[in-house]
Amino acid sequence: MLRGICYLTSITLTIYALSELSRGLGFSSTSAGRLLGLLVAILLAYFISRFFYGFPLRREADLESVSHAMALMLPLYVFSLIGMLYFGVERFMDMARPGFVGEWSPFLIPYSLAFWALSGILTAFFYDAVPYELFSERGRIAGIMGATAVFALNYNQPLLTGIWRPEDIIFFGAAFAYSYSANRKPLALVIAYLLSELPLWWCLLHPLGKAAFAWWCLLHPLGKAAFAGYITARFLLSAYFLFKHLRESL
């Protein structure tokens, strides 16, 4: 437990110091700076985890572990589906646009994949898995609570930014920590994270609705339909996985 508390304190102070430094130097206002900040954060988190825990964690994933994490996301996916039906596809898709994006460009496709993949690695490995291993010395519940605390304090740096998102804390914090406690495969959490991030999918699916890309994309009239299909498909897939795991547990 003491190692868990020391890890929480160390990584929180480090991430906050890095965030302040990035803002002070203006890195966080540029695309390259945001990627560099994530890479540095992962590197620092790795060294901190080596000191308190001793990396590496398991780096493989399988359908069972991914489906378990996806099943736990069902309430979040239901919320998104209801939001899309209430606001309409076009407005809901616009609401999913990343805050740092003005207009879409082809550069956003590789950039968004890299950005959210790095964010997923930082979240799954260093905000969920490592703290769970440290705090779970006092039991599974302590591990989940400890990992949730690390996530809540570091994701979006809420003590600096004031951004507290309960849905992120519940699902990417507590639910991910619970899923990790069952499977011990953080890479499965990274996959579930990528499938769940609406801003990423805005970057990937937005060009399908842009007439400027009609010459290479036959699906451009279906841009909104593609986004609606993504929201619906992940809801149905999550519901199926939840039913599957509940049936197997009986």
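Axes are lines fitted to C-alpha atoms, for helices over the stretch in contact, and angles run from 0 to 180 degrees between N-to-C directions. The model is predicted: local features need pLDDT of at least 70, side-chain atom pairs count only at pLDDT 80 or more, and totals for chains, interfaces and linings use all residues. Residues are numbered from 1 along each chain as its sequence is written, and side-chain values use heavy atoms, with hydrogens and water left out.

**Exercise 1.** Determine how helices H6 and H9 are oriented to each other.

*Solution.* Helices are DSSP runs (H or I, at least four residues), numbered from the N terminus. Step 1: H6 covers residues 108-135 and H9 residues 166-183. Step 2: their axes lie 10 Å apart, at an angle of about 60 degrees. Step 3: angles under 35 degrees count as roughly parallel, over 145 as roughly antiparallel, 65 to 115 as roughly perpendicular and the rest as oblique. H6 and H9 are therefore oblique.

**Exercise 2.** Identify which parts of the chain the salt bridge between Arg 3 and Glu 137 ties together.

*Solution.* Step 1: a salt bridge is a side-chain nitrogen of Lys or Arg within 4 Å of a carboxyl oxygen of Asp or Glu. Step 2: the side chains of Arg 3 and Glu 137 meet at 2.1 Å, N to O. Step 3: Arg 3 lies in helix H1 (residues 2-25) and Glu 137 in the loop between H6 and helix H7 (140-154), so the pair ties together parts 134 residues apart in sequence.

**Exercise 3.** State whether Lys 244 is buried or exposed.

*Solution.* Step 1: buried means under 20% relative accessible area, exposed over 50%, and partly exposed in between (1.4 Å probe, protein chains only). Step 2: Lys 244 has 17%, so Lys 244 is buried.

Terms used:
Helices (H or I, at least four residues) and strands (E, at least two) are DSSP runs, numbered from the N terminus.
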